[in-house]
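Hi everyone, thanks for making room for me today. I'd like to walk you through one model, so let's get it up on the screen.

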Amino acid sequence: MIKVSHLTKKIPGGPKILHDISFDVQHGEFVAVVGASGSGKTMLLKCLGLKERWTSGEYFVQGDDVLKQGWTGRRKIRREFAILEEKPALSPNKSALKNVLIGTQSQTPLWRMVTGMVRNDDYMGAMDTIEKVGLLEKAHQKADKLSGGERQRVAISRALVHGAKVLLADEPVSGLDPHAAEQILTDLKALCRKQRLIVVAVLHQSEWAERFADRILGLNEGRLVVDIRGRRLTHGEKLKLE
Ligand SMILES: Nc1ncnc2c1ncn2[C@@H]1O[C@H](COP(=O)(O)OP(=O)(O)OP(=O)(O)O)[C@@H](O)[C@H]1O
């Protein structure tokens, strides 16, 4: 479980970007973060992934007070959280499978990234995960020949193979055609259900959030103005997000 209490983020010598945000997320939940451009969605994700320093607030992950724990807390987040970007960085000349196995820089020791050496167990684990996201047929295709949706699925497999329990996804479906977007969101939702994963996804289109999320967090100028179970937003809730 993740518990965020009174998160405030101020840029030193600059503006306050997040104001006193509190919420919690249970395992198995798909949480959508929505709001207008500049409302603080990406900053919230970065603070959850400890990519940005918290100005104040408390942050508990499975009961651990990760901000107070310093280095140990950061290591926990690095191990158990993965960030999915809008356009995942993959090695273009390596296959989908190899990209999954090798992982990102933060997931894999340097020697392994350079040599590309993998164990048989790792190989089978990666194939199982690739199958779960429906990419088995493309496992040996080079990353630069994959579509946007397939690249996103490689990134999801890569996060899972390397032990992620929480996926922080920044607009994982923007730029994809509606069919590919729907498939990615369906996959993410299924992973929440079956593997008790937590997904926190910034979604530009609130219709996706309404269809797929178990929970919708809405931001406006850095403030949490909507926190509801997943359902259609009311007219009043939509106005709060403008
Ligand atoms: N390092 C920074 N220094 C100063 N201002 C920043 C910094 N990072 C973000 N901001 C500002 O904080 C606000 C929130 O930014 P953020 O990227 O989180 O918005 P967003 O909701 O993700 O927007 P979009 O939907 O356009 O991606 C914006 O006004 C942005 O300009």
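Before I start, a word on classes: Ala, Val, Leu, Ile, Met, Phe, Trp, Tyr, Cys and Pro count as nonpolar, Asp, Glu, Lys and Arg as charged, and the others, Gly among them, as polar. Please also keep in mind that this is a predicted model.

Let's begin with the ligand. Which residues are around the ligand? Going along the chain, we have I11, G14, P15 and I17, then G35, and then the run S37, G38, S39, G40, K41, T42 and M43. Sorted by class, that shell holds seven polar residues, four nonpolar ones and one charged one. Helix α1, residues 41-48, gives the most to the shell, with three residues.

Now to K9, a residue of strand β1, which covers residues 2-10. Is K9 buried or exposed? K9 is buried, because 22 other C-beta atoms lie within 10 Å, and the cut-off for buried is 20 or more. Leaving aside residues up to four places away in sequence, K9 touches I17, L18, M43, C47, E52, W54 and T55. Two of those names, I17 and M43, you have just heard in the list around the ligand. As for V33, it is 24 residues from K9 in sequence, and the two C-alpha atoms are 17 Å apart in space.

On to the sheet. Here we have an open sheet of six strands with mixed pairing, in the order β6-β7-β8-β3-β9-β10. At the edges sit β6 (81-84) and β10 (223-229), each pairing on one side only. From one strand to the next, the twist averages 15°. Within the sheet, β7 (residues 166-170) and β8 (residues 198-202) run parallel and are joined by five bridges. If you want a pair to click on, V166 has I198 as its bridge partner in β8. Helix α1 comes back here: α1 packs on the sheet, touching β3 (30-35), β7, β8 and β9 (215-220). The direction of α1 makes about 150° with that of β8.

Last stop, helix α6, residues 148-161. How does its span compare with what we should expect? At 1.5 Å a residue, its 14 residues should span 20 Å, and the end C-alpha atoms are 20 Å apart, so the two agree. Helix α6 is also mostly covered, with 13 of its 14 residues buried. Just after α6, have a look at G163, which takes a positive phi of about 90°.

That's my tour, and I'm happy to take questions!

How values were computed. Residues are numbered from 1 along each chain as its sequence is written. This is a predicted model: local features need pLDDT of at least 70, side-chain atom pairs count only at pLDDT 80 or more; totals for chains, interfaces and linings use all residues. Helices (H or I, at least four residues) and strands (E, at least two) are DSSP runs, numbered from the N terminus. A residue is buried if 20 or more other C-beta atoms lie within 10 Å of its own, exposed if 12 or fewer, and partly exposed in between; C-beta atoms are placed from the backbone. Two residues are in contact if their C-beta atoms, placed from the backbone, lie within 7 Å. A residue is near a molecule or strand if its C-beta atom, placed from the backbone, lies within 6 Å of it. The expected span of a helix is 1.5 Å times one less than its number of residues. Two strands pair if DSSP finds at least two bridges between them. Axes are lines fitted to C-alpha atoms, for helices over the stretch in contact, and angles run from 0 to 180 degrees between N-to-C directions.
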